[in-house]
Amino acid sequence: MVYVGIPKGQADQEEEVLKTIQDGDSDELTIKRFTEGREKPGALWHIYAAKDTEKIREFLKKVAEEQGQDNPVDHDPIHDQSWYLDRPLRKRLHQEYGVQGWAIVQFLGDVVFIPAGAPHQVHNLYSCIKVAEDFVSPEHVKHCFWLTQEFRYLSHTHTNHEDKLQVKNVIYHAVKDAVGILRANECSLSRP
């Protein structure tokens, strides 16, 4: 979080932000950072474990049906980013599916890492500028590849249809570099 713009002369907005942080299930230490530490909160994140993705997807489809919405095959309630799980929906998700996430308030200067495939949502508390970077770690290549396959089933007009992570290219170049290093050191490896 590189910038948080807090409007001057709007004391009631500070109370509204505090209420949002509290309703967002933030812990007491986080609330103290805002109330006592006078730090600038920019965004409220809710991050869920990747293993709970299917349960969340099923829950969102169920809620959509209850509200009379369609669930087209080439759309995904998580990737479409058309839902925000407010406190009642988060509570219901926990009660009906046993899924509970983590609430993180991102203050000015904070970094938030989101594991591969972890469903998440963000609520901006003030005007803010965040720098985001996708990366593939060796530990999560398998999961990233699975996500890439999942994106292929989205509609061709969907913003997530393309392979943003370029997992196949990452794997190709990693293998190419490894083979190059082995070939360069072939002589020293074959000596007794």
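Which residue forms a salt bridge with aspartate 23? In this predicted model, the partner of aspartate 23 is arginine 87, and the closest N and O atoms of the pair are 3.4 Å apart. The salt bridge links distant parts of the chain, since aspartate 23 belongs to helix α1 (residues 11–23) and arginine 87 to helix α4 (residues 87–97), 64 residues apart. Aspartate 23 has a relative accessible area of 27% and is therefore partly exposed. Arginine 87 is likewise classed as partly exposed, with a relative accessible area of 41%.

This pair also belongs to a wider arrangement. Lys19, Asp23, Asp25, Arg87 and Arg90 are linked in a network of salt bridges. For the structure, the count of salt bridges comes to twelve.

Two further salt bridges involve helix α3. One of them joins the side chains of glutamate 54 and arginine 57, with an N to O distance of 2.3 Å. Both residues lie in helix α3, where they are three residues apart, about one turn of the helix. Their accessibility classes are as follows: glutamate 54 is partly exposed, with a relative accessible area of 46%, whereas arginine 57 is buried, with a relative accessible area of 6%. The cut-off for the buried class is under 20% relative accessible area, so the value of 6% places arginine 57 within that class.

The other salt bridge connects glutamate 96 with lysine 62, the closest N and O atoms being 2.8 Å apart. Because glutamate 96 lies in helix α4 and lysine 62 in helix α3, this pair ties together parts that are 34 residues apart in sequence. Glutamate 96 counts as partly exposed at 38% relative accessibility, and lysine 62 is also partly exposed, with a relative accessible area of 32%.

Helix α3 spans residues 53–66, and threonine 53 has its place there. With a relative accessibility of 6%, threonine 53 counts as buried. Along the chain, threonine 53 and isoleucine 78 are 25 residues apart; their C-alpha atoms are separated by 8.4 Å.

The discussion now turns to the strands. In what order do the three strands of the open sheet lie? The order is β3-β2-β4, and the pairing is antiparallel. Strands β3 and β4 are the edge strands, each of which pairs on one side only. On average, neighbouring strands of this sheet are turned by 20 degrees against each other, direction ignored. As a general matter, strands of a sheet pair through backbone hydrogen bonds, in either a parallel or an antiparallel sense.

On one side, β2 pairs with strand β3 (residues 102–107) in the antiparallel sense over six bridges. On the other pairing, five bridges join β2 to strand β4 (residues 120–124), and these two strands run antiparallel. Tryptophan 45 illustrates both pairings: its bridge partner in β3 is isoleucine 104, and its bridge partner in β4 is valine 122. Alanine 43 supplies a further example, its bridge partner in β4 being asparagine 124.

Why is strand β2 described as largely enclosed by the rest of the structure? Strand β2 comprises residues 41–47, and seven of its seven residues are buried, so the strand is largely enclosed by the rest of the structure.

Edge strand β4 also contains glutamine 121. At 9% relative accessibility, glutamine 121 counts as buried. The side chain of glutamine 121 makes a polar contact with the backbone, reaching the backbone nitrogen of leucine 85 at 2.7 Å.

The final feature lies on the surface. Which residues form the nonpolar patch there? The patch is formed by Val2, Tyr3, Ile129 and Val131, which together have about 420 Å² of accessible area. One of these residues, isoleucine 129, has its place in strand β5 (residues 127–129). Isoleucine 129 has a relative accessibility of 48% and so counts as partly exposed. Patches are made of residues with over 30% relative accessible area, and isoleucine 129, at 48%, is one of the members of this patch.

Notes: Residues are numbered from 1 along each chain as its sequence is written. This is a predicted model: local features need pLDDT of at least 70, side-chain atom pairs count only at pLDDT 80 or more; totals for chains, interfaces and linings use all residues. Side-chain values use heavy atoms; hydrogens and water are left out. Buried means under 20% relative accessible area, exposed over 50%, partly exposed in between (1.4 Å probe, protein chains only). Helices (H or I, at least four residues) and strands (E, at least two) are DSSP runs, numbered from the N terminus. Two strands pair if DSSP finds at least two bridges between them. Axes are lines fitted to C-alpha atoms, for helices over the stretch in contact, and angles run from 0 to 180 degrees between N-to-C directions. Patches are made of residues with over 30% relative accessible area and no salt bridge: like charges are joined within 9 Å, nonpolar side chains (Val, Leu, Ile, Met, Phe, Trp, Tyr) within 5 Å. Accessible areas come from the Shrake-Rupley method with a 1.4 Å probe; for residues, only the protein chains shown count as cover. A salt bridge is a side-chain nitrogen of Lys or Arg within 4 Å of a carboxyl oxygen of Asp or Glu. A polar contact is a pair of N or O atoms within 3.5 Å; within protein, one must be able to donate a hydrogen and the other to accept it, and residues adjacent in sequence count only if both atoms are side-chain atoms.
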